[in-house]
Amino acid sequence: SSGIKQSTGSSGINAEYGELIKTLQLICGNILCPALDLVDKEAIWKVKSSQGRSVFQIRSENEQYTCLKREMYCHCRGFSDTVINKRTAFLCKHLLAVFIACALDKVHVDVREPEFVENLLQFSIT
């Protein structure tokens, strides 16, 4: 069992949602539930400058990671290990959470000075 509960209501929306979750579970495997948990906790932030540059941050109690959505990059250890080194995954739970949160419009926006965003970009790729 995948550990994901799905509604058994009579509406077509619930059935479609259940099928979508099943498909995501097949594609994403064990990172789906942690990614959905981050979205549920509203931990996804888009940090952008007045000049338009932006990065995503995962901000939760225990962690803060920077993700580059367009570049498909996260500076977490899981991304480094499974995506870059072992090549056993194509994204980490943080990047998946960013994509899901964007699709559901559940992203907080934090507008900062351009220098702040540039520093985040530099930190995330070093």
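In this predicted model, let's begin at the second largest pocket, where strand E2 supplies the largest share of the lining, 3 residues. E2 covers 54–59, and strand E3 (64–68) also gives two or more residues to this lining. If you would like to find the spot on your screen, select Arg53, Ser54, Val55 and Phe56, then add Cys67, Leu68, Lys69, Arg70, Glu71 and Leu121. Together these residues line the second largest pocket, which has a volume of about 190 Å³. The chemistry of its lining is mixed: 5 residues are nonpolar, 1 is polar and 4 are charged.

Now let's turn to the largest pocket, with a volume of about 330 Å³. Here the elements that give two or more residues to the lining are helices: H1 (12–28), H2 (32–40) and H4 (93–103). Which helix gives the most to this lining? That is H1, with 4 residues.

To trace this lining along the chain, start with Tyr17, Leu20, Ile21 and Leu24, and carry on to Leu36, Val39 and Asp40. Leu96, Ile100, Ala103, Leu104 and Lys106 complete the set. How does this lining divide into nonpolar, polar and charged residues? There are 10 nonpolar residues and 2 charged ones, with no polar residues.

It helps to keep both places in mind as you turn the model. Strands E2 and E3 each give two or more residues to the lining of the second largest pocket, while helices H1, H2 and H4 do so for the largest pocket.

Notes:
Residues numbered from 1 in each chain as written. Predicted model: local features only at pLDDT ≥ 70, side-chain atom pairs only at ≥ 80, totals over all residues. Heavy atoms only, no water. 1 Å grid on protein atoms, 1.4 Å probe; cavity = no way out; pocket = protein on both sides within 12 Å on 5 of 7 lines; lining within 4 Å. Points joined across faces, edges and corners; volume = space filled by probe spheres on them. Nonpolar A, V, L, I, M, F, W, Y, C, P; charged D, E, K, R; others polar.
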